[in-house]
Amino acid sequence: MIDFRKSKFLLSAADVLSCPKDGRKEIALFGRSNVGKSTLVNLLLGQALAYSSKRAGKTKTLNYFLVDSSFYLVDAPGYGYTDYGNKLDEFFAGFMEPYLTSGRLSGALLLLDVRRGLGEDDASMLELLVNEAVPHAIVFTKSDRATQREKAVALKSLDGRTGAPTIFLPDRRGAEGIRRLVASFL
């Protein structure tokens, strides 16, 4: 059993060449800017290791967290709207596509804001994950702020694009349900 609390920040990688080369499996969190990736990292690890900001676009590198000396949880930069505009989107495409196609990933969590559903950028990310055969799950964040109708619309926005597991956060299973999901990718 993986002890997620035995975790530490390892490094920030500004490009694929800077990523760890020790062969450990990697599980990455992807999503729009300000969707809650860093917050989810902290929830999973049971401690505040990832910087979580209200301002979109703060994460600009792949932030590696070593979990139980066995695998990496990777907090990826967000995509879509940020205060930095299109320059960050260009950066994301130039930096993240080589990472996604490098074969490093054992799994991914694609975070979507339940009130927005699957947007164009999210659909592109989902397509990349499917095309690269990366095992993944969809995590709808901010569901405590959504109505049942909004949740149903969010699910419908997936439009059968993936058979991946779908989770709403927060939910009654809390972090433990996502920890089990992450462990299944390993």
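Colleague: Let's start with R24: what relative accessible area does R24 have?

Modeller: Keep in mind that this is a predicted model. Buried would need under 20% and exposed over 50%, and R24 falls in between, so R24 counts as partly exposed. The relative accessible area of R24 is 30%.

Colleague: And which residue forms a salt bridge with R24?

Modeller: The closest N and O atoms of the pair are 2.7 Å apart, which is within the 4 Å that a salt bridge calls for. The partner is partly exposed, with a relative accessible area of 42%. R24 forms the salt bridge with D22.

Colleague: How far apart in sequence are the parts that E26 and R104 tie together?

Modeller: E26 and R104 form a salt bridge, with the closest N and O atoms 2.6 Å apart. E26 sits in strand β2 and R104 in the loop between α2 and β5, so the pair joins parts whose separation in sequence is 78 residues.

Colleague: Is E26 buried or exposed?

Modeller: The relative accessible area of E26 is 1%. Buried means under 20%, so E26 is buried.

Colleague: How many salt bridges turn up in the whole structure?

Modeller: Side chains of opposite charge can pair when their charged atoms come close. E26 with R104 is one such pair here, and R115 with D113 is another. Searching the whole structure gives a total of six.

Colleague: Which residues are linked with D113 in a network of salt bridges?

Modeller: One link is the salt bridge between D113 and R115, where the closest N and O atoms are 3.2 Å apart. The D113 side chain also reaches the backbone nitrogen of R115, at 2.9 Å. The network joins D113 with R115 and K142.

Colleague: Which of D113 and R115 is buried, and which is partly exposed?

Modeller: D113 lies in strand β5, residues 105-113. With a relative accessible area of 10%, D113 is buried, because the limit is under 20%. R115 has 41%, so the partly exposed one is R115.

Colleague: Beyond its sequence neighbours within four places, which residues are in contact with D113?

Modeller: One of them is K142, which is also in the salt-bridge network with D113. K142 is placed in the loop between β6 and α4. The full set is V35, F140, T141 and K142.

Colleague: What is the phi of K142?

Modeller: K142 is buried, at 19% relative accessible area, and the cut-off is under 20%. K142 is not a glycine, yet its phi is positive, at about 60°.

Colleague: Where does A133 lie?

Modeller: A133 isn't a glycine either, and it has a positive phi of about 55°. At 63% relative accessibility A133 counts as exposed, because the threshold is over 50%. A133 lies in the loop between α3 and β6.

Colleague: Which residues touch the most other members of the largest nonpolar core?

Modeller: In soluble globular proteins, nonpolar side chains tend to be buried together. Here the largest nonpolar core has 32 residues. Elements giving two or more residues to this core are β2, β3, β4, α2, β5, α3 and β6. The members touching the most others are F30, L62, Y64, Y99, L110, L129 and F140.

Colleague: How many residues are in the other core?

Modeller: The other core lies apart from the largest one. Its members include L29, V35, L45 and I167, and the count is 23 residues.

Colleague: Which residues does Y99 touch, not counting those up to four places away in sequence?

Modeller: Both partners of one salt bridge, E26 and R104, are among the residues that Y99 touches. The list is V16, C19, E26, A28, F30, L62, Y64, V74, R104 and L105.

Colleague: How far apart in space are the C-alpha atoms of V139 and L169?

Modeller: V139 is in strand β6 and, at 0% relative accessibility, counts as buried. V139 touches L169, along with residues including L110, I167 and I178. V139 and L169 are 30 residues apart in sequence, while C-alpha to C-alpha they are 6.9 Å apart.

Colleague: Stepping back, in what order do the elements run?

Modeller: The protein chain has five helices and seven strands. Of contacts between residues at least 6 apart in sequence, 75% join residues at least 24 apart. From the N terminus the order is β-β-α-β-β-α-β-α-β-α-β-α.

Colleague: What share of the residues count as buried?

Modeller: The protein chain exposes about 9,200 Å², with carbon and sulfur atoms supplying 50% of that area. Of its 186 residues, the buried share is 49%.

Methods: Residues are numbered from 1 along each chain as its sequence is written. This is a predicted model: local features need pLDDT of at least 70, side-chain atom pairs count only at pLDDT 80 or more; totals for chains, interfaces and linings use all residues. Side-chain values use heavy atoms; hydrogens and water are left out. Helices (H or I, at least four residues) and strands (E, at least two) are DSSP runs, numbered from the N terminus. A polar contact is a pair of N or O atoms within 3.5 Å; within protein, one must be able to donate a hydrogen and the other to accept it, and residues adjacent in sequence count only if both atoms are side-chain atoms. Contact means heavy atoms within 4.5 Å. Buried means under 20% relative accessible area, exposed over 50%, partly exposed in between (1.4 Å probe, protein chains only). Accessible areas come from the Shrake-Rupley method with a 1.4 Å probe; for residues, only the protein chains shown count as cover. A nonpolar core is a set of buried Ala, Val, Leu, Ile, Met, Phe, Trp, Tyr and Cys residues joined through side-chain atoms within 4.5 Å. A salt bridge is a side-chain nitrogen of Lys or Arg within 4 Å of a carboxyl oxygen of Asp or Glu.
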